[in-house]
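Subject: Structure for you to look at

Hello,

Here is the structure I said I would pass on. Please have it open while you read the notes below it.

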Amino acid sequence: MVGLKPSDVPPTMAVKFLGAGTAACFADLLTFPLDTAKVRLQIQGENPVAQTARLVQYRGVLGTILTMVRTEGLCSPYNGLVAGLQRQMSFASIRIGLYDSVKQVYTPQGADSSSLTTRILAGCTTGAMAVTCAQPTDVVKVRFQASIHLGSSGSDRKYSGTMDAYRTIAREEGVRGLWKGTLPNIMRNAIVNCAEVVTYDILKEKLLDYHLLTDNFPCHFASAFGAGFCATVVASPVDVVKTRYMNSPPGQYLSPLDCMIKMVAQEGPTAFYKGFTPSFLRLGSWNVVMFVTYEQLKRALMKVQILRESPF
């Protein structure tokens with residue numbers, strides 16, 4: 001057995017909620033530069049005039065990160081990290097931590113296991129709930145990741161900090177500005193949540209049922225890697241539209257649909273898969289770190305809870 005052994009007592013909803021948020025923050029800390037590189041590649045070509053003026057062109061994941069470090073400083077790949085951690089504590093806690101509980105609600109009484117339809121429905125439900133709560137943090141995170149700072153002469157720095165970003169967006173664009181792109185984000189995260197959580201749930205269950213692996217690190221790693229790949233393939237098009245729409249100034253796009261149409265007209269269908277490699281590297285590594293950490297945190301938190309409740 002690699003890592004902590006499973007507890008005899010099933011983890012409580014509170015343990016899953018706290019464990020998912022904490023594990024997601026840890027995964028974000030390790031993979032955030034990949035997410036920033038993905039955002040930069042996704043918006044590249046959106047405004048050719050501005051890009052030409054900046055003379056900044058990104059090529060590949062490593063090239064994007066190195067270009068950012070060279071032109072904007074060592075910390076630039078972590079632009080928006082504070083909002084990213086705020087997002088994960090509210091977002092992952094709901095969409096992952098509450099998944100099992102919502103799945104049980106949708107599962108008919110007396111059923112031996114949850115069907116694929118039930119799992120997908122649970123994934124869509126928790127994904128939509130999470131986006132509704134965490135959307136402002138996602139908007140601020142994307143704005144910071146997309147902004148290019150080339151020093152005092154060429155900087156387009158608009159926000160002095162995370163809280164200033166919330167206040168400025170609400171003041172200039174209204175409270176609705178903090179929920180900009182909610183519809184494409186709900187679509188994206190319903191898809192991502194199903195691809196990630198449902199795929200992980202099914203892969204882990206099959207690996208255990210067929211005795212291919214035991215409930216330990218290799219099983220969690222393989223299930224998480226498969227979940228990350230599936231999520232990237234199905235969610236990339238919606239993710240690109242979401243990123244561009246959330247980062248756009250008022251009036252550039254009439255709606256997410258208008259953003260999608262303009263992308264196809266100006267850049268072709270391949271624009272939907274801009275930043276695919278960093279998306280996969282990000283989601284794949286993020287899922288592996290998150291789910292492996294989540295499984296261990298659940299077990300550790302349950303051991304602590306059992307010890308606290310034990311009379312001896």
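The notes below cover the domains, one helix pair and the internal cavities.

Please keep in mind that this is a predicted model.

Domains

The chain is split into three parts, two of them made from separate stretches of sequence: domain 1 takes residues 12-78 and 279-305, and domain 2 takes 81-149 and 158-180. Domain 3 is the stretch 192-274. Between the centres of domain 2 and domain 3, taken over C-alpha atoms, there are 14 Å. At the contact of these two domains, domain 2 contributes 19 residues and domain 3 contributes 16.

Helix 10 and helix 11

Helix 10 covers residues 217-247 and helix 11 covers 256-267. Their axes come within 9 Å and cross at roughly 105°. Angles from 65 to 115 degrees count as roughly perpendicular, so helix 10 is roughly perpendicular to helix 11. On the helix 10 side the contact is made by Val240, Val241, Arg244 and Tyr245; on the helix 11 side it is made by Pro256, Cys259, Met260, Met263 and Glu267. By class, that contact has 7 nonpolar residues, 2 charged ones and no polar ones.

Cavities

How many cavities of 30 Å³ or more does the whole structure hold? The search finds 2.

The largest cavity encloses about 190 Å³. It is lined by 18 residues, and those closest to its centre are Arg87, Gln88, Arg188, Arg282 and Leu283. The lining divides into 11 charged, 4 nonpolar and 3 polar residues. At least two lining residues come from each of helix 1 (13-43), helix 4 (81-95), helix 6 (116-146), helix 9 (182-209), helix 10 and helix 12 (276-309).

The second largest cavity has a volume of about 40 Å³. Its lining consists of Arg188, Val192, Ala231, Thr232, Ala235, Ser236, Asp239, Ser279 and Leu283. Helix 9, helix 10 and helix 12 each give two or more residues to this lining, and helix 10 gives the most, with 5. In terms of class, there are 4 nonpolar, 3 polar and 2 charged residues around the second largest cavity.

Two residues are worth finding in the viewer while you look at the cavities. Arg188 is among the residues closest to the centre of the largest cavity, and Arg188 also lines the second largest one. Leu283 is likewise listed among those closest to the centre of the largest cavity and in the lining of the second largest.

Regards

Methods. Residues numbered from 1 in each chain as written. Predicted model: local features only at pLDDT ≥ 70, side-chain atom pairs only at ≥ 80, totals over all residues. Heavy atoms only, no water. Axes fitted to C-alpha atoms, helices over the stretch in contact; angles between N-to-C directions. Helix = DSSP H or I, 4+ residues; strand = E, 2+ residues; numbered from the N terminus. Parallel < 35°, antiparallel > 145°, perpendicular 65-115°, else oblique. Contact = heavy atoms within 4.5 Å. Nonpolar A, V, L, I, M, F, W, Y, C, P; charged D, E, K, R; others polar. 1 Å grid on protein atoms, 1.4 Å probe; cavity = no way out; pocket = protein on both sides within 12 Å on 5 of 7 lines; lining within 4 Å. Points joined across faces, edges and corners; volume = space filled by probe spheres on them. Domains from an automatic or database assignment.
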